[in-house]
Amino acid sequence: LDITITEKLKEEGIARELVNRIQNIRKETGLEVTDRIKVLLTDNEDLKIAIHANETYIKEETLTDEIVFEQKLENGTDIEFDAIKTRILISKI
């Protein structure tokens with residue numbers, strides 16, 4: 001049994017956790033299940049790499065039309081998991 005975590009597996013894990021966080025924020029903010037959204041995130045290089053590698057999966061699972069990275073977000077929710085620290089803001093399209 002090989003328990004080595006490859007970069008690809010690490011990126012998939014980050015993507016899955018991000019999907020979970022987006023879904024929780026959607027629910028908390030009262031968005032409908034069918035609402036299309038835009039996701040804004042503060043810059044984080046590891047997160048960018050993971051999103052780029054898994055963008056289709058993330059967008060399909062969360063009904064996201066656009067994922068945008070910003071240097072700074074005034075509003076939003078701070079999230080932290082693994083080595084990822086970012087702020088996320090979700091808006092209905």
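**Figure 1. Strand β1 and its parallel partner.** Strand β1, which spans residues 37-42, is largely enclosed by the rest of the structure, because 5 of its 6 residues are buried. The model shown here and in the following views is predicted. Strand β1 is joined by 6 bridges to strand β2, residues 64-70, and the two strands run parallel. One pairing to locate in this view is that of Val39, whose bridge partner in β2 is Ile67.

**Figure 2. The chain as a whole.** The close-up views are best placed against the overall order of elements. The chain contains 2 helices and 4 strands, and these follow one another along the sequence in the pattern α-β-α-β-β-β. A box of roughly 45 × 30 × 20 Å, taken along the principal axes, holds the C-alpha atoms. The radius of gyration is 13 Å, which agrees with the value near 12 Å that a compact globule of 93 residues would have. Of the 93 residues in the chain, 33% are buried. Among contacts with a separation of 6 or more, 74% link residues that lie 24 or more positions apart.

**Figure 3. The surface and charges of the chain.** About 6100 Å² of the chain is exposed, and carbon and sulfur atoms supply 47% of this area. The chain carries 14 positive and 21 negative charges. The mean positions of these two sets of charges are 3 Å apart.

**Figure 4. Leu47, a buried residue of helix α2.** Leu47 belongs to helix α2, which covers residues 45-62. Its relative accessibility is 0%, so Leu47 counts as buried; the cut-off for a buried residue is under 20%. Leaving aside neighbours within four places in sequence, Leu47 is in contact with Ile14, Leu18, Leu41, Phe69, Ile84 and Thr86. Of these partners, Leu41 falls within the residue range of β1, 37-42. Phe69 falls within that of β2, 64-70, and Ile84 and Thr86 fall within that of β4, 84-92. Ala15 provides a further reference point: Leu47 and Ala15 are 32 residues apart in sequence, and their C-alpha atoms are 8.1 Å apart in space.

**Figure 5. Tyr57, a partly exposed residue of helix α2.** Tyr57 also lies in helix α2. With a relative accessible area of 28%, Tyr57 is partly exposed. Not counting residues up to four places away in sequence, Tyr57 touches Ala15, Arg16 and Val19. Tyr57 and Val19 are 38 residues apart along the chain, and a distance of 8.9 Å separates their C-alpha atoms.

**Figure 6. Thr62, a buried residue of helix α2.** Thr62 is found in helix α2, and its position, 62, is where the residue range of this helix, 45-62, ends. A relative accessible area of 1% makes Thr62 buried. When residues up to four places away in sequence are set aside, Thr62 touches Val19, Ile22, Gln23, Arg26 and Ile37. Ile37 falls within the residue range of strand β1, 37-42. Between the C-alpha atoms of Thr62 and Asn44, which are 18 residues apart along the chain, the separation is 20 Å.

**Figure 7. Leu63, in the loop between helix α2 and strand β2.** The loop that links α2 to β2 contains Leu63. Although Leu63 is not a glycine, its phi is positive, at about 55 degrees. Leu63 counts as partly exposed, with a relative accessibility of 23%.

**Figure 8. The antiparallel hairpin of β3 and β4.** Strand β3, residues 77-81, and strand β4, residues 84-92, run antiparallel and are joined by 5 bridges. Within this pairing, the bridge partner of Asp78 in β4 is Arg87. The hairpin has 2 residues between its strands.

**Figure 9. Asp82, in the loop between β3 and β4.** Asp82 is located in the loop between β3 and β4. Its phi is near 50 degrees, a positive value in a residue other than glycine. At 69% relative accessibility, Asp82 counts as exposed, the cut-off for this class being over 50%.

Notes. Residues numbered from 1 in each chain as written. Predicted model: local features only at pLDDT ≥ 70, side-chain atom pairs only at ≥ 80, totals over all residues. Heavy atoms only, no water. Rg over C-alpha atoms; globule rule 2.2 N^0.38 Å. Buried < 20%, exposed > 50% of the residue type's maximum accessible area, 1.4 Å probe, protein only. Contact = heavy atoms within 4.5 Å. Areas by Shrake-Rupley, 256 points an atom, 1.4 Å probe, with all protein chains shown as cover. Lys, Arg positive; Asp, Glu negative; His and termini not counted. Charge placed at Lys NZ, Arg CZ, Asp CG, Glu CD. Pairing = 2+ DSSP bridges.
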